[in-house]
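I opened this notebook to keep track of what I looked up, entry by entry. The entries below follow the order in which I went through the model.

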Amino acid sequence: MVFLYITCKDTDEAKTIGRELVAKKAAACVNIAPIHSMYPEDGTIRETSEASLLVKTIESKVQHVEEIVRAMHSYTIPCIASFSLYRLNREYKDWLIGKVA
């Protein structure tokens with residue numbers, strides 16, 4: 001299993017992208033959470049409310065996820081960070097693979 005962490009401008013955008021990822025079988029499950037972000041811009045620290053997607057998929061679907069996100073995302077340069085899991089219970093792994101296959 002692979003997790004992808006993606007930030008979005010708001011919960012509505014996150015829901016729209018998340019639905020598309022699941023509908024196109026690029027992801028088995030998507031979790032959405034509100035976040036507060038801080039980053040430098042024009043010499044100051046900008047703070048904004050955003051939403052994060054935690055996308056659950058498999059390695060062979062990561063590129064598909066990235067393509068969908070880039071096509072739908074409002075940011076010019078969206079954050080699409082992936083990380084692999086060390087361990088996952090077999091039942092959940094089997095379920096996940098069945099949803100994206």
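Before searching for aromatic pairs, I fixed what would count: rings of Phe, Tyr and Trp, the last taken by its six-membered ring, pair if their centres lie within 6.5 Å, and planes under 30 degrees apart are stacked, those over 60 edge-to-face, and the rest tilted. I also noted that I am working on a predicted model.

Entry on aromatic pairs. I searched the whole structure with that rule, and the search returned 2 aromatic pairs. One of them joins Phe-3 and Phe-83, whose ring centres are 5.5 Å apart and whose planes make an angle of 50°, so that I recorded the pair as tilted. I then looked up where these rings sit in the chain, and found Phe-3 in strand β1 and Phe-83 in strand β4, 80 residues apart, so this pair links distant parts of the chain. On accessibility the partners part ways: Phe-3 counts as buried at 14% relative accessibility, because the cut-off for buried is under 20%, whereas Phe-83, at 40%, is partly exposed.

For the other pair I turned to Tyr-92 and Trp-95, where the ring centres are 5.2 Å apart and the planes stand at 40°, which makes this pair tilted as well. Here the partners belong to helix α3 and lie 3 residues apart, so about one helical turn separates Tyr-92 from Trp-95. I noted Tyr-92 as partly exposed at 23% relative accessibility, and Trp-95 as partly exposed at 37%.

Entry on the sheet. In what order do the 4 strands of the open sheet stand? I read the order as β2-β3-β1-β4, with antiparallel pairing. The edges are taken by β2 (29-41) and β4 (80-84), and each has a single partner strand, so one side of each is left without a neighbour in the sheet. Neighbouring strands of this sheet are turned against each other by 25° on average, with direction ignored.

I then followed one pairing through: β1, residues 2-8, and β3, residues 44-57, pair in the antiparallel sense over 7 bridges. Within that pairing I looked up Ile-6, and its bridge partner in β3 is Leu-53.

Entry on the helices. I looked up which strands each of two helices crosses, beginning with α2 (residues 62-72), which lies across β1, β3 and β4 and runs at about 10° to β1. Helix α3 (residues 90-100) lies across β2 and β3, and its direction is at about 95° to β3.

Terms used. Residues are numbered from 1 along each chain as its sequence is written. This is a predicted model: local features need pLDDT of at least 70, side-chain atom pairs count only at pLDDT 80 or more; totals for chains, interfaces and linings use all residues. Side-chain values use heavy atoms; hydrogens and water are left out. Two strands pair if DSSP finds at least two bridges between them. Axes are lines fitted to C-alpha atoms, for helices over the stretch in contact, and angles run from 0 to 180 degrees between N-to-C directions. Contact means heavy atoms within 4.5 Å. Buried means under 20% relative accessible area, exposed over 50%, partly exposed in between (1.4 Å probe, protein chains only).
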